[in-house]
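User: I am new to this protein and would like to learn how to read its helices and sheets. Could you take me through them step by step?

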Amino acid sequence: MLEVYERLGTHCHDPVSATVVLNYEQRDRGRLRLTSTDGEEVRLFLERGKPLLVGEFLRATDGKIVKIEGAEEDVAHASCDDWQTFAKACYHLGNRHVKVEVGERWLRIKPDHVLEDMLHLLGLMVSHEHAVFVPESGAYAPGYGHSHGHSHGHSHGHSHDHGHHHGHNGGHSHDDEHDKGHGDGHDH
(Lines give C-alpha, C1' and ligand atoms only; values in the text may rest on other atoms or scores of the structure.)
Protein backbone atom coordinates (compact mmCIF):
# COMPACT_ATOMS: atom_id res chain seq x y z
CA MET A 1 0.00 0.00 0.00
CA LEU A 2 1.23 3.48 -0.90
CA GLU A 3 0.37 6.44 1.37
CA VAL A 4 0.66 9.83 -0.28
CA TYR A 5 0.98 13.19 1.47
CA GLU A 6 3.17 15.12 -1.00
CA ARG A 7 2.41 16.75 -4.35
CA LEU A 8 5.29 17.27 -6.80
CA GLY A 9 3.60 19.17 -9.64
CA THR A 10 3.47 18.18 -13.30
CA HIS A 11 7.22 17.74 -13.87
CA CYS A 12 9.08 14.80 -12.40
CA HIS A 13 12.09 12.92 -13.75
CA ASP A 14 11.94 10.05 -11.24
CA PRO A 15 10.51 6.71 -12.39
CA VAL A 16 6.77 6.26 -11.87
CA SER A 17 5.90 3.34 -9.57
CA ALA A 18 2.10 3.58 -9.76
CA THR A 19 -0.52 5.28 -11.90
CA VAL A 20 -4.05 6.11 -10.77
CA VAL A 21 -6.81 7.07 -13.19
CA LEU A 22 -9.30 9.52 -11.71
CA ASN A 23 -12.41 11.29 -12.94
CA TYR A 24 -12.89 15.00 -12.17
CA GLU A 25 -14.84 14.47 -8.93
CA GLN A 26 -12.11 12.16 -7.62
CA ARG A 27 -9.36 14.66 -8.57
CA ASP A 28 -11.28 17.33 -6.64
CA ARG A 29 -11.03 15.42 -3.34
CA GLY A 30 -8.03 15.39 -1.00
CA ARG A 31 -8.69 12.09 0.77
CA LEU A 32 -9.08 8.99 -1.37
CA ARG A 33 -8.58 5.25 -1.21
CA LEU A 34 -7.68 4.05 -4.71
CA THR A 35 -6.34 1.14 -6.68
CA SER A 36 -3.54 1.80 -9.17
CA THR A 37 -3.61 0.49 -12.74
CA ASP A 38 -1.36 -2.36 -11.50
CA GLY A 39 -3.73 -3.27 -8.64
CA GLU A 40 -1.77 -1.65 -5.79
CA GLU A 41 -3.72 0.16 -3.07
CA VAL A 42 -3.00 3.91 -2.95
CA ARG A 43 -4.25 6.20 -0.21
CA LEU A 44 -4.18 9.96 -0.70
CA PHE A 45 -4.01 12.33 2.27
CA LEU A 46 -3.68 15.69 0.55
CA GLU A 47 -4.68 19.26 1.31
CA ARG A 48 -8.32 19.85 0.42
CA GLY A 49 -9.40 22.61 -1.94
CA LYS A 50 -6.68 22.08 -4.56
CA PRO A 51 -7.83 19.63 -7.25
CA LEU A 52 -5.26 17.19 -8.60
CA LEU A 53 -4.13 17.91 -12.13
CA VAL A 54 -4.09 15.42 -14.97
CA GLY A 55 -0.40 14.58 -15.36
CA GLU A 56 0.50 15.53 -11.79
CA PHE A 57 3.03 13.51 -9.79
CA LEU A 58 2.83 12.60 -6.10
CA ARG A 59 5.41 11.13 -3.73
CA ALA A 60 4.43 8.29 -1.39
CA THR A 61 5.89 8.04 2.11
CA ASP A 62 8.30 5.34 0.88
CA GLY A 63 9.59 7.69 -1.88
CA LYS A 64 7.76 6.00 -4.75
CA ILE A 65 6.23 8.23 -7.42
CA VAL A 66 2.51 8.09 -8.26
CA LYS A 67 1.17 9.65 -11.48
CA ILE A 68 -2.36 11.02 -11.89
CA GLU A 69 -4.14 10.35 -15.17
CA GLY A 70 -7.61 11.53 -16.16
CA ALA A 71 -10.42 9.04 -16.57
CA GLU A 72 -12.74 9.43 -19.51
CA GLU A 73 -16.27 10.29 -18.41
CA ASP A 74 -19.56 11.38 -19.93
CA VAL A 75 -19.55 15.05 -20.90
CA ALA A 76 -21.68 17.39 -22.94
CA HIS A 77 -19.62 19.11 -25.65
CA ALA A 78 -20.87 22.41 -27.06
CA SER A 79 -19.34 24.45 -29.85
CA CYS A 80 -20.04 27.31 -32.23
CA ASP A 81 -18.34 29.28 -34.99
CA ASP A 82 -18.35 32.77 -33.54
CA TRP A 83 -16.72 34.22 -30.43
CA GLN A 84 -19.67 36.39 -29.34
CA THR A 85 -22.02 33.40 -29.10
CA PHE A 86 -19.31 31.44 -27.32
CA ALA A 87 -18.66 34.28 -24.86
CA LYS A 88 -22.38 34.51 -24.06
CA ALA A 89 -22.52 30.77 -23.39
CA CYS A 90 -19.50 30.96 -21.06
CA TYR A 91 -21.03 33.96 -19.28
CA HIS A 92 -24.33 32.16 -18.64
CA LEU A 93 -22.60 28.99 -17.42
CA GLY A 94 -20.28 30.99 -15.18
CA ASN A 95 -23.24 32.92 -13.80
CA ARG A 96 -24.64 29.55 -12.71
CA HIS A 97 -21.27 28.49 -11.17
CA VAL A 98 -21.06 25.49 -13.49
CA LYS A 99 -17.73 23.65 -13.84
CA VAL A 100 -16.66 24.29 -17.45
CA GLU A 101 -13.76 23.10 -19.56
CA VAL A 102 -13.00 25.78 -22.15
CA GLY A 103 -11.36 25.32 -25.55
CA GLU A 104 -11.25 27.44 -28.69
CA ARG A 105 -14.99 28.06 -29.32
CA TRP A 106 -15.87 24.77 -27.60
CA LEU A 107 -16.68 23.87 -24.04
CA ARG A 108 -17.47 20.81 -21.97
CA ILE A 109 -19.75 20.43 -18.99
CA LYS A 110 -21.12 17.48 -17.08
CA PRO A 111 -24.32 16.30 -18.80
CA ASP A 112 -27.32 18.40 -17.71
CA HIS A 113 -30.34 18.61 -20.00
CA VAL A 114 -31.40 22.06 -18.74
CA LEU A 115 -27.95 23.57 -19.39
CA GLU A 116 -27.67 21.74 -22.69
CA ASP A 117 -31.04 23.19 -23.80
CA MET A 118 -29.84 26.67 -22.81
CA LEU A 119 -26.64 26.24 -24.84
CA HIS A 120 -28.65 25.05 -27.83
CA LEU A 121 -30.98 28.07 -27.54
CA LEU A 122 -27.93 30.35 -27.45
CA GLY A 123 -26.85 28.88 -30.81
CA LEU A 124 -24.29 26.23 -29.88
CA MET A 125 -24.15 22.71 -31.29
CA VAL A 126 -24.40 20.26 -28.37
CA SER A 127 -23.34 16.62 -28.43
CA HIS A 128 -22.34 13.95 -25.93
CA GLU A 129 -18.96 12.32 -25.75
CA HIS A 130 -16.72 10.30 -23.51
CA ALA A 131 -13.60 12.37 -22.63
CA VAL A 132 -11.32 13.43 -19.80
CA PHE A 133 -13.04 16.41 -18.10
CA VAL A 134 -10.63 19.17 -17.04
CA PRO A 135 -12.70 22.21 -16.03
CA GLU A 136 -11.27 25.63 -15.29
CA SER A 137 -10.21 25.98 -11.66
CA GLY A 138 -11.39 29.58 -11.27
CA ALA A 139 -9.80 33.00 -11.13
CA TYR A 140 -9.08 32.82 -7.41
CA ALA A 141 -7.63 29.31 -7.44
CA PRO A 142 -3.95 28.80 -6.62
CA GLY A 143 -1.80 29.69 -9.60
CA TYR A 144 -3.92 32.70 -10.62
CA GLY A 145 -2.04 35.35 -8.64
CA HIS A 146 -2.79 35.90 -4.98
CA SER A 147 -5.96 34.53 -3.48
CA HIS A 148 -8.60 36.95 -2.28
CA GLY A 149 -10.48 34.25 -0.40
CA HIS A 150 -13.61 35.55 1.23
CA SER A 151 -12.43 37.39 4.32
CA HIS A 152 -10.73 40.57 3.02
CA GLY A 153 -9.38 41.06 6.55
CA HIS A 154 -5.88 41.60 5.17
CA SER A 155 -4.19 44.43 3.35
CA HIS A 156 -2.37 43.98 0.08
CA GLY A 157 -2.04 47.50 -1.23
CA HIS A 158 -5.18 48.00 -3.27
CA SER A 159 -8.87 48.55 -2.81
CA HIS A 160 -11.57 46.19 -3.99
CA ASP A 161 -13.95 49.13 -4.53
CA HIS A 162 -14.05 49.70 -8.28
CA GLY A 163 -15.92 52.99 -8.21
CA HIS A 164 -19.40 51.83 -9.13
CA HIS A 165 -22.00 49.64 -7.55
CA HIS A 166 -24.55 47.29 -9.01
CA GLY A 167 -26.85 46.98 -6.02
CA HIS A 168 -30.51 47.61 -6.74
CA ASN A 169 -31.64 49.23 -3.51
CA GLY A 170 -30.10 52.61 -4.13
CA GLY A 171 -33.34 54.55 -3.88
CA HIS A 172 -34.26 54.53 -7.55
CA SER A 173 -36.10 52.39 -10.02
CA HIS A 174 -34.82 51.58 -13.47
CA ASP A 175 -37.49 53.92 -14.84
CA ASP A 176 -35.82 56.89 -13.08
CA GLU A 177 -33.17 59.02 -14.71
CA HIS A 178 -30.56 56.45 -13.66
CA ASP A 179 -28.67 56.21 -16.92
CA LYS A 180 -28.79 59.90 -17.90
CA GLY A 181 -25.34 61.40 -17.66
CA HIS A 182 -23.94 58.26 -16.01
CA GLY A 183 -21.29 57.48 -18.61
CA ASP A 184 -20.04 54.38 -16.82
CA GLY A 185 -20.49 52.09 -19.83
CA HIS A 186 -22.76 49.43 -18.37
CA ASP A 187 -26.39 48.66 -19.06
CA HIS A 188 -29.16 47.65 -16.69
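**Reading helices and sheets**

User: Which elements do the buried residues of α2 pack against?

Analyst: The buried residues of α2 pack against β8 (101-102), β9 (106-109) and α3 (113-122). Please keep in mind throughout that this is a predicted model.

User: Which residues of α2 are buried, and how are they arranged around the axis?

Analyst: The general idea is this: an α-helix has 3.6 residues a turn, so residues three or four places apart point the same way. In this structure, Thr85, Phe86, Ala89 and Leu93 are the buried residues of α2. Viewed down the axis of α2, they fall within an arc of 100°, so they line one face of the helix. The face turned away from that buried side carries Gln84, Tyr91 and Asn95, which are exposed.

User: How does the span of α2 follow from its number of residues?

Analyst: Helix α2 covers residues 83-95, that is, 13 residues, and at 1.5 Å a residue it should span 18 Å. Its end C-alpha atoms are 18 Å apart, which agrees with that expectation.

User: What is found at the two ends of α2?

Analyst: The N-terminal end is capped by Asp82, with a side-chain oxygen 3.4 Å from the backbone nitrogen of Gln84. Just after α2, His97 takes a positive phi of about 55°.

User: How should I read the sheet that α2 lies across?

Analyst: Strands of a sheet pair through backbone hydrogen bonds, either parallel or antiparallel. Here, four strands form an open sheet in the order β8-β9-β7-β10, and their pairing is antiparallel. β8 and β10 (125-132) stand at the edges with a single partner strand each, so one side of each has no neighbour in the sheet. Two bridges pair β8 with β9 in the antiparallel sense, and Glu101 has Arg108 in β9 as its bridge partner. Helix α2 lies across β8 and β9, running at about 25° to β9. Helix α3 lies across β7 (72-79), β9 and β10, and runs at about 130° to β10.

User: How many strands form the open sheet with mixed pairing, and what is their order?

Analyst: That open sheet has six strands, in the order β2-β6-β5-β1-β4-β3. β2 (16-22) and β3 (31-35) are its edge strands, each with a single partner strand, so one side of each is left without a neighbour in the sheet. From one strand to the next, the twist averages 35°.

User: In what sense does β4 pair with β1 and with β3?

Analyst: β4 (residues 41-45) and β1 (residues 2-9) pair in the parallel sense over three bridges. Leu2 has Val42 as its bridge partner in β4, and Glu3 has Arg43. With β3, by contrast, β4 runs antiparallel, and five bridges join the two. Arg33 stands opposite Arg43 in β4. Five residues lie between the strands of this hairpin, where Gly39 takes a positive phi near 90°.

User: Which side chains of β4 are buried?

Analyst: In a regular strand the side chains alternate between the two faces of the sheet. Along β4, Val42 and Leu44 point to one face and are buried, whereas Glu41, Arg43 and Phe45 point to the other and are not.

User: How many helices and strands does the protein have, and what share of its residues is buried?

Analyst: The secondary structure comes to three helices and ten strands. Of the 188 residues, 29% count as buried.

Technical notes. Residues numbered from 1 in each chain as written. Predicted model: local features only at pLDDT ≥ 70, side-chain atom pairs only at ≥ 80, totals over all residues. Heavy atoms only, no water. Expected span 1.5 Å × (residues − 1). Buried < 20%, exposed > 50% of the residue type's maximum accessible area, 1.4 Å probe, protein only. Arc of directions from axis to C-beta. Contact = heavy atoms within 4.5 Å. Polar contact = N/O pair within 3.5 Å; in protein donor to acceptor, adjacent residues only side chain to side chain. Pairing = 2+ DSSP bridges. Axes fitted to C-alpha atoms, helices over the stretch in contact; angles between N-to-C directions.
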